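Student: I would like to go through the helix packing in this model and hear the reasoning behind each label. Where should we start?

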Amino acid sequence: MPPQTVSLPPPSSRPLVKDDAGTVPRIVPVRRTGRWTAAVVVLVLLALALNSVVRNDAFQWDVVLSYFATVPVLRGLWLTLWLTAVVVALGFVLGAVLAVLRLSGNPVLQAVGWGYVWLFRSTPILVQLLFWFNIGALYPQILGVSTVSLLGPVTIAVIGLTLHEAAYAAEVVRGGILSVERGQVEAAQSLGLGPWRRFRRIVLPQAMRSIVPPAGNMLIGTLKGTSIVSIIAVQDLLYSVQLVYHRTYEVIPLLLVATVWYAVVTTLLSIGQRYVERYYARGTAGAR
C-alpha cells in the first residue's frame, strides 16, 4: 500500500480559535521595557565616554596622528610582529613535543613533560626574562663563546618567551588530542592505518576544532605580552614609543600610539581567528 500524504491548508485559511464570547483573542507582544531602558542607558554612557575622549585636549590627538606612522614606531611594530610570530611558532612546536611526552605511556617521559609545564607556568614571565638576561652570571661561556656576545637582548627575548609559551601550548595541544573520541582512533586502527597516518588524517583534523580557539587567544595574548621585553631594552613597539616620549615628554599621546596599533593588529588577528575556526568547524553544529 503506497504511503498517504496529508496536506494542511495554508495558515491564512485555517479557522481561528475563538473564546466563549465568540471573539478572536488579540495577540499582544511582550513588552521588554527593562531591556530597552538598559540599552538606552548603556548607549548614553558610551556616547558620553566617547565624547569625553574625543573632545578632551589632554589626549593631544594631533600629536598621536603625527607620530602614528613614523619610522621608529613602525620599526618597533615590525619587531613586535616578528617576535610574536617566531615565539608562537616555536612555542607550539615545543608544546606539541611536550604534549606527546605527557600522553606517553612512559612514566619518566610523563614526569618530564609535567615538570616542564609546572615549572614554566608557576614562574612569572618577567622573572624568566630577567633570569635569562643574567644567565651570564651562571654560565659565562657556552662552548667557548662568551654568553654576553652570544645572547643579545632579542635572542634572550625569543628564548624566554618561547619556553614560557611552550608550557601553555602543550596543554592546548594535549587537550585537543584528548577531545578526539577513542572510537575514532580504534576505527582507524581497524582499517590498518599506521600511527602517523592516523594522527594526520583522523586525530589532528578533529583536534584542531579544540586547539584553534585557545591557540588564537594565545596568539593575541603573546602579541600584547611581547611588550614586557622592553624591560630588557628590546626595541619593540612599546619601547620605541618610550624612547620618543622620554625625549619629548609627550607621554599620553605616545602611549595612545602604541595602544591604537595594538588594537588594530589584535582586531585583524581576531578576524583571522574567526575564519580559521569556521574552517575547522565545518560539518559540525558549531559552524556558523
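Tutor: With a crossing: α5 passes α7 in a right-handed crossing. Bear in mind that this is a predicted model.

Student: Which residues make the contact between α5 and α7?

Tutor: On the α5 side they are Ile-125, Gln-128, Leu-129, Trp-132 and Phe-133. Helix α7 contributes Ile-156, Ala-157, Ile-159, Gly-160, Leu-161, Leu-163 and His-164. By class, this contact of α5 with α7 holds nine nonpolar, three polar and no charged residues.

Student: What are the angle and the axis distance for α5 and α7?

Tutor: Helix α5, residues 125-133, packs against helix α7, residues 153-178, at an angle of about 140 degrees, and their axes are 9 Å apart.

Student: Why is α5 called oblique to α7?

Tutor: Roughly antiparallel requires an angle over 145 degrees, and roughly perpendicular covers 65 to 115. The angle here is about 140 degrees. That value belongs to neither class, so α5 is oblique to α7.

Student: Why are α10 and α11 called roughly antiparallel?

Tutor: The angle between α10 and α11 is about 165 degrees, with the axes 8 Å apart. The cut-off is over 145 degrees, and α10 and α11 are therefore roughly antiparallel to each other. Their crossing is right-handed.

Student: What makes up the contact of α10 with α11, by class?

Tutor: It has twelve nonpolar residues, one polar and no charged. From α10 come Leu-237, Leu-238, Val-241, Val-244, Tyr-245 and Thr-248. From α11 come Val-251, Leu-254, Leu-255, Val-257, Ala-258, Trp-261 and Tyr-262. Thr-248 is the polar one, because Thr is not among the types that count as nonpolar or charged.

Student: Which residues have the most contacts inside the largest nonpolar core?

Tutor: Leu-237, Val-241 and Val-257, in a core of 18 residues. At least two residues each are supplied by α2 (61-68), α3 (71-103), α10 (237-248) and α11 (251-280). Helix α11 gives the largest share, seven residues.

Student: How do you know that Val-241 is buried?

Tutor: Val-241 is a member of that core. A nonpolar core is a set of buried residues, so Val-241 is under 20% relative accessible area.

Student: Which residues does Val-241 touch, not counting those up to four places away in sequence?

Tutor: Val-73, Leu-254, Val-257 and Ala-258.

Student: How much of the protein chain counts as buried?

Tutor: Of its 288 residues, 30%. The secondary structure of the chain comes to eleven helices and two strands.

Notes
Residues are numbered from 1 along each chain as its sequence is written. This is a predicted model: local features need pLDDT of at least 70, side-chain atom pairs count only at pLDDT 80 or more; totals for chains, interfaces and linings use all residues. Side-chain values use heavy atoms; hydrogens and water are left out. A nonpolar core is a set of buried Ala, Val, Leu, Ile, Met, Phe, Trp, Tyr and Cys residues joined through side-chain atoms within 4.5 Å. Buried means under 20% relative accessible area, exposed over 50%, partly exposed in between (1.4 Å probe, protein chains only). Helices (H or I, at least four residues) and strands (E, at least two) are DSSP runs, numbered from the N terminus. Contact means heavy atoms within 4.5 Å. Axes are lines fitted to C-alpha atoms, for helices over the stretch in contact, and angles run from 0 to 180 degrees between N-to-C directions. Angles under 35 degrees count as roughly parallel, over 145 as roughly antiparallel, 65 to 115 as roughly perpendicular and the rest as oblique. A crossing is left-handed if the near helix is turned anticlockwise from the far one by less than a right angle, and right-handed if clockwise.
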